[in-house]
Amino acid sequence: MQFALPDGYNLNVEEVGSGFPLIVLHGGPGLDHSMFRPYLDPLGDEYRLLYVDERGQGRSQRVDPATLSLEVFARDVDLLAESLELDGFALLGHSFGAIIATYHATELGTAGAYVLSGGGDSSAALDADVTASLEALGDNGKAIAQSWEDEKTVETDAQLMQLLRDQSPEVLRHFANAGYGDFDYRPKLKNVDKPTLIIVGEYDPTTTPRAARVLHDGIAGSELHVVPDAGHLSFVEQPDDYLAAVRGFLGRTAK
């Protein structure tokens with residue numbers, strides 16, 4: 001469903017369930033909310049899930065990529081809440097969505113609670129983590145690195161889908177240092193004063209447990225949950241554990 005934001009932009013949002021609103025931000029950039037479904041849908045038994053296609057992505061209105069930034073993506077969360085006349089909401093972001101959610105938490109702080117799923121502390125540290133993971137892959141890492149070069153000239157949906165088939169979650173490295181990224185949240189984590197859950201896969205090679213620990217140590221009173229035997233898509237690999245952690249946290253904090 002398309003929602004007209006107060007600035008006139010048309011944002012695609014899919015709703016599931018009812019209850020306290022939970023705005024959900026997908027990874028990428030270049031993906032859409034479908035990455036979460038049906039895995040997070042059971043949360044709709046207790047919450048009003050608002051799956052967002054971030055600005056310029058999925059079924060949302062296309063824009064000049066030069067107009068996009070972490071600030072723009074984060075402010076769209078508040079514009080959506082304003083458009084829907086929400087009295088309150090929680091915010092869950094995964095991967096690039098978690099990077100947006102962390103910007104929101106450190107700069108805006110209007111959500112009642114935050115779930116940072118597979119997030120990052122800084123683009124430089126993320127790049128170092130991914131470099132180490134690629135080196136560990138050996139020859140298998142070369143196709144991923146080449147796909148980042150190919151991203152610079154992608155023009156069609158077919159080309160995009162081929163890139164996504166070639167890439168693993170390490171694609172985030174490209175955006176962490178070009179265009180959408182260049183972030184360092186570490187000095188600002190102390191500003192977060194809302195309940196926060198940091199959740200990460202035990203073997204996530206991209207948004208690593210190292211990064212999760214930095215976020216946890218920097219955000220006072222935050223909770224850290226490591227999903228066992230899971231990589232970057234922990235909500236797909238271990239959905240029961242992931243959902244239990246999110247439900248427990250929101251049950252205590254999202255009012």
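These legends accompany several close-up views of a predicted model.

**View 1. The protein chain as a whole.** Let's start with the full fold: the protein chain holds nine helices and eight strands. Its 255 residues include a buried share of 52%. About 11000 Å² of the chain is exposed, and carbon and sulfur atoms supply 50% of that area. Among contacts with a separation of 6 or more, 71% join residues that are 24 or more positions apart.

**View 2. The largest nonpolar core.** Here we look at a set of 42 residues that forms the largest nonpolar core. The members that touch the most other members are I23, L70, L80, F89 and L91. Helix α1 gives this core its largest share, seven residues.

**View 3. Another nonpolar core.** Apart from the largest core lies another one, made of 27 residues. Its members include V16, Y51, L197 and A245.

**View 4. S60 in its loop.** Now for a single residue: S60 sits in the loop that runs between β4 (47-53) and α1 (70-83). The relative accessible area of S60 is 4%, so this serine counts as buried, the cut-off being under 20%.

**View 5. The surroundings of S60.** Leaving aside residues up to four places away in sequence, S60 touches Q2, Y9, N10, L11, N12, D53 and E54. With N12, the view shows a polar atom of the S60 side chain at 2.8 Å from the backbone nitrogen of N12.

How values were computed: Residues numbered from 1 in each chain as written. Predicted model: local features only at pLDDT ≥ 70, side-chain atom pairs only at ≥ 80, totals over all residues. Heavy atoms only, no water. Helix = DSSP H or I, 4+ residues; strand = E, 2+ residues; numbered from the N terminus. Buried < 20%, exposed > 50% of the residue type's maximum accessible area, 1.4 Å probe, protein only. Polar contact = N/O pair within 3.5 Å; in protein donor to acceptor, adjacent residues only side chain to side chain. Contact = heavy atoms within 4.5 Å. Areas by Shrake-Rupley, 256 points an atom, 1.4 Å probe, with all protein chains shown as cover. Core = buried A, V, L, I, M, F, W, Y, C linked by side-chain atoms within 4.5 Å.
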